[in-house]
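Got the model open in your viewer? Here's a short tour: what to select at each stop, and what you should find there.

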Amino acid sequence: MIKTEILIIDFGGQYKELIARRARELGVYSEILPHTVSPEKIREIGPSGLIFTGGPNSVYDPASPAIDPAVLKMGIPILGICYGMQLLCHMLGGDVRLAARGEYGTLQAKLDTDCPLFKGLRPQSRMLMSHRDQVTVVPEGFRAVASTRLCPVAAVADPAKKLYGVQFHPEVENSEQGIDILKNFIYGICGCEGGYTVEHYLKMQTEAVRKTVGGEKVLLGLSGGVDSSVCAALLAKAIPGQLVCVYIDHGCMRKQETEQIKKAFSGMDLDLVCVDAHERFLNALSGISDPEQKRKIIGREFVSTFEDASGKIGNPTFLAQGTIYPDVVESGTQSAVIKSHHNVGGLPANMRFKGVVEPLRFLFKDEVRKLGRLLGLPDEIVERQPFPGPGLAVRIKGALTAEKLDLLREADAIVREEIGKLKDRPDQYFAVLTDLRSVGVMGDSRTYDYTVAVRAVKTNDFMTCEFAKIPYPVLSRISKRITNEVQGVNRVVYDISGKPPATIEWE
């Protein structure tokens, strides 16, 4: 296993995964653990440094998350960020109070460049602030090493004990020199060795898979999404000839998706079982309008279809899954748990396997994509847009029909093609077939056709999002192409809702 050099201790901060990713971008392997982690567990891992995340609570509230005080005495360098800095000061005898005014947004900060944390940096930088509480008295041995107009203690340092804190968020792109601050902490203060790369991870996981599986067969439910596809490519490389992939086309896939999947894996040393279950799923979904009910039906049918298919291919000893690190973090545990199938409803609980193989479970999404390129997967697989498990079924409002699926497939392909040409592409973009029909004019004829909605969003974590400001000429081209090329559509609208109050999907 790769040595964990930086541990991210989570106190409920929304940027915890971003902090870990930044460390990895700097060539240092990092992992995230909850604030309940014991000193014994930290000692067992043996990290070179700890980073305390932000969080939504106030440290002076007795119910707020804290950490075992013994962790602060272990001699491991610590960097507290936002709540993490306030907690560090609070637990070591400083004072934290509600300020008269909060600071939100990117603000100018003055940095003491004599502090090791800010060594080699410009003395002034714009940093992202997001707080109302402030450190008013620093603990003994600490000194203030940064300030803003409203926050006299915007960073603290006790170099002798290698304890540091910043009120701002150096991990976000909005913070100037933020990466340099993290680099100073990780390399200058913690003395990390570095050297972590996706190539290193691939070598390590290849060896681990071979050791675990031996000469046994492995079964993987291949959805065609990025995670399961990269998982399949890795396993085909690690254990050639031992992997069986079952791909189920439930009839709600995007245009030419099944063909792309067959082509991408045709040259790999694995057995690909493709199941055409269009009719089975469409019959089960007939007359169903509620999106949650659609999900449950597709999940149920997927499990049944998967069982039927896997029963015809012998008895693989291991089950493989495309679990990635955010799935592990969100579960709140580091243990290997068989999660619900990421594509649809969940694999059968009574399936018996010797073990579960999850070679991507310590990678973030951007690392999974890098690994996919390294393994030779084509761009249409590696850069595939996020897609809900039930597919187009939940992007069609109202009852599902084969005609509606064909209509949406064509409209969605146009949206993805046109927006995909942009240099600054949104993070997710797709078409929705609404249940709204309205009067239109085509030539000299009256029409009464459907309305297609276009959705495109910018997001860092998919927990929140803003609608993407697509150039008007692009939106105009999309509208003209859909209404001209897709029979049955006479109106195109653009969704300008953020999350919250809306969600990214139209469920």
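Start by selecting Leu202, Gln205, Thr206, Val209 and Arg210 in H5, then add Leu234, Leu235, Lys237 and Ala238 in H6: these two sets are where the helices meet. Keep in mind as you click around that this is a predicted model.

Now show both helices in full, with H5 covering residues 198–213 and H6 covering residues 226–238. Their axes come within 9 Å and cross at roughly 65 degrees. An angle of 65 to 115 degrees counts as roughly perpendicular, so that's the label for H5 and H6. If you like to check handedness, H5 passes H6 in a right-handed crossing.

Keep H6 on screen and bring in H11, residues 365–374. Which residues of H6 meet H11? Color Val226, Asp227, Val230 and Leu234 in H6; across from them, pick Lys365, Val368, Arg369, Leu371 and Gly372 in H11. Leu234 should look familiar, as it's also among the H6 residues that meet H5. Here the axes are 10 Å apart and the packing angle is about 45 degrees, so H6 and H11 are oblique to each other. This time the crossing is left-handed.

Next, jump to helix H1, residues 16–25. Is it enclosed or open? Of its 10 residues, 7 are buried, so H1 is largely enclosed by the rest of the structure. To see them, select Lys16, Leu18, Ile19, Ala20, Arg22, Ala23 and Arg24.

Zoom in on Lys16. It's buried, yet it has no salt bridge. The nearest side chain of opposite charge belongs to Asp10, 4.1 Å away; the salt-bridge cut-off is within 4 Å. Leaving aside residues up to four places away in sequence, Lys16 touches Ile8, Asp10, Ile32, Thr53 and Val329. Before you leave, step just past the end of H1 to Gly27, which takes a positive phi of about 90 degrees.

Last stop: Gly398, in the loop between helix H12 (379–382) and helix H13 (402–420). Buried or exposed? Gly398 has a relative accessible area of 12%, and under 20% counts as buried, so it's buried. Show its contacts, again skipping residues up to four places away in sequence, and you'll get Ile288, Ser289, Lys294, Lys404 and Asp435. Finally, draw a distance between the C-alpha atoms of Gly398 and Tyr450: they're 52 residues apart along the chain and separated by 12 Å.

Conventions
Residues numbered from 1 in each chain as written. Predicted model: local features only at pLDDT ≥ 70, side-chain atom pairs only at ≥ 80, totals over all residues. Heavy atoms only, no water. Helix = DSSP H or I, 4+ residues; strand = E, 2+ residues; numbered from the N terminus. Buried < 20%, exposed > 50% of the residue type's maximum accessible area, 1.4 Å probe, protein only. Lys, Arg positive; Asp, Glu negative; His and termini not counted. Contact = heavy atoms within 4.5 Å. Axes fitted to C-alpha atoms, helices over the stretch in contact; angles between N-to-C directions. Parallel < 35°, antiparallel > 145°, perpendicular 65-115°, else oblique. Left-handed = near helix turned anticlockwise from the far one by under 90°.
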